[in-house]
Amino acid sequence: MRTTHGRTVRTTHGRTVRTAHGPLLYARSRALPLTLAALAGTALFAVWAAGRLDAYLDPGRRVPIVALAPLLASAVIGTSLYSASDELDRTAVRPWWPRRLGQLTALAALAAALVAPAVLGHAETFGAPAVVRNTLGCTGITAAAAVLLGARLSWLPAFAYVTAVYLGSATAHGRAAAVWAWPMQPGAQRGAWAVAVAAFAVGAVLYAVRGARPEGSRA
Amino acid sequence: MALPAASQAPVRAPHPLRAEAVRGFAPWAGAAVLLTAGTMLAATADRWQGDWAATATEVHTALMITLPLAGAAGCWQGGRERRRGTEELWGTTVRPPLARLLAAALPVALWAAVGYVAVVLLALLATWPYVQGDRIHPALLPGDTVAMAAATLIGHVLGRVAPARLAAPLLGVAGFLGLGTTLGARSAAVRALSPVTSSLDELPVWWQSGVMAVWTGGLALAAVLACAARRRVTVLLPLAAALTAGTLLAQTGDGLWRPDPLARRQVCDTSVTPAVCVNARYAGMLPQVRDTLAGITGKLEGVRNLPARWADHAGAPHADEAQLPGITPLGWSTVRGRLTDPQEFAWEAVTALEGTDCPESMMTERVLWADDAVESYLAPNALQRKGLVPGDGPAEERRLLAARARLAGMPERQRRDWLSAYFAARAGCDPKEVPAL
């Protein structure tokens, strides 16, 4: 019996079966439909929360959304990097890095595009650019954590870091603060953008090259 | 026949709790709590280092992040058997479900609590070298530690019943948001029930911590028993205790917090006029504050109609007092027991002597010019030191500079009389009585 991508094939028993495309199989093996639903849920939550904050009085009130919605989205993306058949995957002859890179960047772009409309306007302070930056940064940290800790626990470092900075950076100002407190900076801070983009680049490259840490039935 | 010597003592298998506590995820959970709270506290060190009360408040506020983290860690641990595929295997053991659950859950709870206590101890050690008075405020610590363990246990139960990879991060973010919401809640009952609430410069009543421990611990125990007890009816006991404690907290509301009696007292140096007083909570700052204000008190020797003292006690200053510039909240004018900008502090002290209670109509041009000249003479701020003036246009600038020069150039006796008349007019809020320059 032979199957090829997305074709209707006849088996040796004479029955006709329809097989899925390669990318579609990949998407299903990474539970992507559930991930997309969770990202949509995150976006809806962000829109709902933004409506309750009266942010037109003070853009600073959007900080909880700007910091936490990308964090939640990155947790969703991170857990979707888990593969239930890791050992089998590694025996494949096809290169994995394009799929991994494609999955990570597409999900990060989708998350940013979904959450950003919740905070339109005030681009210089806490608006859509800050959400895009935080989504990139958090996804980068989570992807790197998936390589080091495993995909299922990949949310932990970003969660610990962002919540600590959330409370710790209230009085922090200056160039150094723009670097270490990047998730809490206004959208136009260059230092914060540099850190977030660097985090995403490192995370994406690590994940594309190495893949998530094999977990099996351990942990 | 002699028995063979019992050279080998029977080897006892270590307790399962020990194996769970020293290996696996539990120590990492403790380390995560330590690192997260440690990062946050290190970033805000200027705000609390050197003040026992501020340190106690800050480590209590750190619960905002450590409680959700502990809950998420518990949730992760609760899903362990599902991830490993060993649920059925566990079902075949002779241990009751409660013992099995506690063997997995208690080590993480213990480590999360230990991580938090370690953070508190480190913060107290960091504060110690810089303290200026007051005493350690450990009242909230028992309740906070129990809350950490309780959050872990509740998270564990949720992780066991919710078969989703996202359960743990969702619980963490929801917990963070939820606790943040309780801080700003309008209802005093909600604030009282929240384990992260604190009140600025106020102390908890002595029973708050214990009752909070019963409230959070009771809820956690009820969740554990509901999930794994053989007799589910036992849930009622911790639930009843938690509800009783919760009712007590909610009914008391803001009454859980009382003013710090020490904050009403102040220590003074009466050898100078006006006398210099600082709050008894940071009595060690008195020599430094007195030295900072020595330039002013030296220039004011012999001047009459001054306030009796710079006061620094809870509530508004009395009629014959001027408010000492704020030493607290820490992190602005004071960091680690040192004044960050003594010259700015001295300038603020002069503006306090000028009086701030007068109506807006009193602030005529004549008064503003006199104020500027007095400040420039006694303790100029950064702008005044550079010879910059706030006037409109060059003509006014010249007149302001001339006023400053006239006051500085007056003979000693004449200046004393001028300042006496000036302070009398300012105290009486009478612009016409302010002497001309």
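Here are three short exercises on how the two chains of this predicted model pack together.

Before you start: residues count from 1 along each chain as written, and chains are lettered from A, with ligands numbered from 1, in the order in which they are written. Local features need pLDDT of at least 70 and side-chain atom pairs count only at pLDDT 80 or more, while totals for chains, interfaces and linings use all residues.

**Exercise 1. Work out how H7(A) and H2(B) are oriented to each other, and which residues make the contact.**

Step 1: find the helices. H7 is residues 155-168 of chain A and H2 is residues 25-43 of chain B; helices here are DSSP runs (H or I, at least four residues), numbered from the N terminus.

Step 2: look at the axes. They come within 8 Å and cross at roughly 25°. Axes are lines fitted to C-alpha atoms, for helices over the stretch in contact, and angles run from 0 to 180 degrees between N-to-C directions.

Step 3: classify. Angles under 35 degrees count as roughly parallel, so H7(A) and H2(B) are roughly parallel to each other.

Step 4: list the contact, where two residues qualify if their C-beta atoms, placed from the backbone, lie within 7 Å. H7(A) brings A:Leu156, A:Ala160, A:Thr163, A:Ala164, A:Leu167 and A:Gly168, and H2(B) answers with B:Ala32, B:Leu35, B:Thr36, B:Thr39, B:Met40 and B:Ala43.

Step 5: sort by class. You get eight nonpolar, four polar and no charged residues. (Ala, Val, Leu, Ile, Met, Phe, Trp, Tyr, Cys and Pro are nonpolar; Asp, Glu, Lys and Arg are charged; the others, Gly among them, are polar.)

**Exercise 2. Find which element of chain B gives the most to the side that touches chain A.**

Step 1: count. 29 residues of chain B are in contact with 24 residues of chain A.

Step 2: list the elements giving two or more residues: H2, H3 (45-48), H5 (63-78), H6 (80-84) and H10 (167-183) of chain B.

Step 3: pick the winner. H10(B) gives the most, with seven residues.

Step 4: check the classes on the chain B side: 16 nonpolar, eight polar and five charged.

**Exercise 3. Describe how the two domains of chain B meet.**

Step 1: set the bounds. Domain 1 is 16-259 and domain 2 is 264-433, from an automatic or database domain assignment.

Step 2: place them. Their C-alpha centres lie 48 Å apart.

Step 3: count the contact. 13 residues of domain 1 touch 13 residues of domain 2.

Step 4: on the domain 1 side, H3(B) gives the most, with three residues.

Conventions:
Angles under 35 degrees count as roughly parallel, over 145 as roughly antiparallel, 65 to 115 as roughly perpendicular and the rest as oblique.
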